[in-house]
Amino acid sequence: MTLDSRQQANQSDLASLTLIGAASIDKEHLALFAQLDRLHGNPSAHPDTEAFLEVFSRLGRQIGAHFDSEEAILKACGMPPDQIAAHVRAHDEILEQYAQLNLDLMEGKTLTRSEALLTIKRWIIDHVVHHDTRIRAYLPELT
Ligand SMILES: [Fe+2]
Ligand SMILES: [Fe+2]
């Protein structure tokens, strides 16, 4: 198996493990996973390079827009208010961490590629696995 096909296999495993069942959300998650993959697939994308910063800035906009659309679904799906509040708080924490890291990078703070990728993985994959997959149980109420 080539590295590319192995990555694709992992990608489709991840896609099926994290399917929520709301097409727009699932599509946005895949787009976020693809950005992380782009960074993983380019070994020269260190945090101080144009290649990294370009993806990182697009990722910030994408995450913000995704959280807005996901929160609209969260608030309409019948999930208990305390669970919604905890999920929205997790989004806000990610947005704060993103803004702080963006500031750090602009101020020239050195960060290794693996630290940066690990942080982005926490924002994208870990969040989807630990928070977003809980939405599944409430989606039938939307239909
Ligand atoms: Fe999400
Ligand atoms: Fe979320």
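Which residues make up the largest nonpolar core of the protein? In this predicted model, the set has eleven members: Leu39, Ala45, Phe52, Leu59, Ile63, Phe67, Ile94, Ile120, Trp123, Ile124 and Val128. Helices H3 and H5 each put at least two residues into this core. There is a general trend behind such a cluster: in soluble globular proteins, nonpolar side chains tend to be buried together.

Stepping back to the overall fold, the protein has five helices and zero strands, so its pattern along the sequence reads simply α-α-α-α-α. Its radius of gyration comes out at 16 Å, close to the 15 Å that the globule rule gives for 143 residues, so the protein is as compact as a globular protein of that length. Along the principal axes, the C-alpha trace stretches over about 45 × 40 × 20 Å. Of the 143 residues, 17% are buried. As for who touches whom, take the contacts between residues at least 6 apart in sequence: 73% of them join residues at least 24 apart.

Helix H3 is a good place to start on the individual pieces. Does its length fit what a helix should give, or what span would be expected? With 27 residues at 1.5 Å each, H3 should span 39 Å, and its end C-alpha atoms sit 40 Å apart, which agrees. Its buried residues are Phe52, Leu59, Ile63, His66, Phe67, Glu70 and Leu74. Among them, Phe52, Leu59, Ile63 and Phe67 also turn up in the core list. The cover over the buried residues of H3 includes helix H2 (23-40), helix H4 (81-106) and H5. Not every residue of H3 is tucked away, though. Arg58 belongs to this helix, which runs over residues 50-76, yet it counts as partly exposed because it has 13 C-beta neighbours inside 10 Å, while a buried residue needs 20 or more. Between the C-alpha atoms of Arg58 and Leu95 there are 13 Å in space and 37 residues in sequence. Just after H3 comes Gly78, with a positive phi of about 90°.

Next up is H2. This helix has 18 residues and covers 26 Å from its first C-alpha to its last, close to the 26 Å expected at 1.5 Å a residue. Its buried residues are Ile25, His29 and Leu39. These cover an arc of only 75° around the axis, which means they sit on the same side of H2. Over on the other side, Ala23, Lys27 and Ala34 are exposed. Helices H3 and H5 are included in what covers the buried residues of H2. Leu39, one of the buried residues of H2, is touched by Ala45, which also touches Ala51 and Phe52, leaving out residues up to four places away in sequence.

H5 has a kink to look at: the helix bends by about 35° at Arg122. Even so, the end-to-end check works out, since 18 residues at 1.5 Å each should span 26 Å and the end C-alpha atoms of H5 are 24 Å apart, which agrees. Ile120, Trp123, Ile124, His127 and Val128 are the buried residues here, and the buried residues of H5 pack against H2, H3 and H4.

Trp123 shows how this packing looks at the level of one residue. It lies in H5, residues 113-130. Is Trp123 buried or exposed? It counts as buried because it has 21 C-beta neighbours inside 10 Å, and the cut-off for being buried is 20 or more. Setting aside neighbours within four places in sequence, Trp123 is in contact with Ile63, Ile94 and Tyr98. Ile63 and Ile94 are core members along with Trp123. The C-alpha atoms of Trp123 and Gln97 are 9.0 Å apart, although 26 residues separate the two along the chain.

That leaves H1. Leu14 is found in this helix, residues 3-17, and counts as partly exposed because it has 18 C-beta neighbours inside 10 Å. From Leu14 to Asn42, the C-alpha to C-alpha distance is 20 Å, with their positions 28 residues apart in sequence.

Notes. Residues are numbered from 1 along each chain as its sequence is written. Chains are lettered from A and ligands numbered from 1 in the order in which they are written. This is a predicted model: local features need pLDDT of at least 70, side-chain atom pairs count only at pLDDT 80 or more; totals for chains, interfaces and linings use all residues. Helices (H or I, at least four residues) and strands (E, at least two) are DSSP runs, numbered from the N terminus. A residue is buried if 20 or more other C-beta atoms lie within 10 Å of its own, exposed if 12 or fewer, and partly exposed in between; C-beta atoms are placed from the backbone. Two residues are in contact if their C-beta atoms, placed from the backbone, lie within 7 Å. The radius of gyration is taken over C-alpha atoms; the globule rule is 2.2 Å times the number of residues to the power 0.38. A nonpolar core is a set of buried Ala, Val, Leu, Ile, Met, Phe, Trp, Tyr and Cys residues joined through C-beta atoms within 7 Å. The expected span of a helix is 1.5 Å times one less than its number of residues. The arc is that of the directions from the helix axis to the C-beta atoms. The bend at a residue is the angle between axes fitted to the seven residues ending there and the seven starting there.
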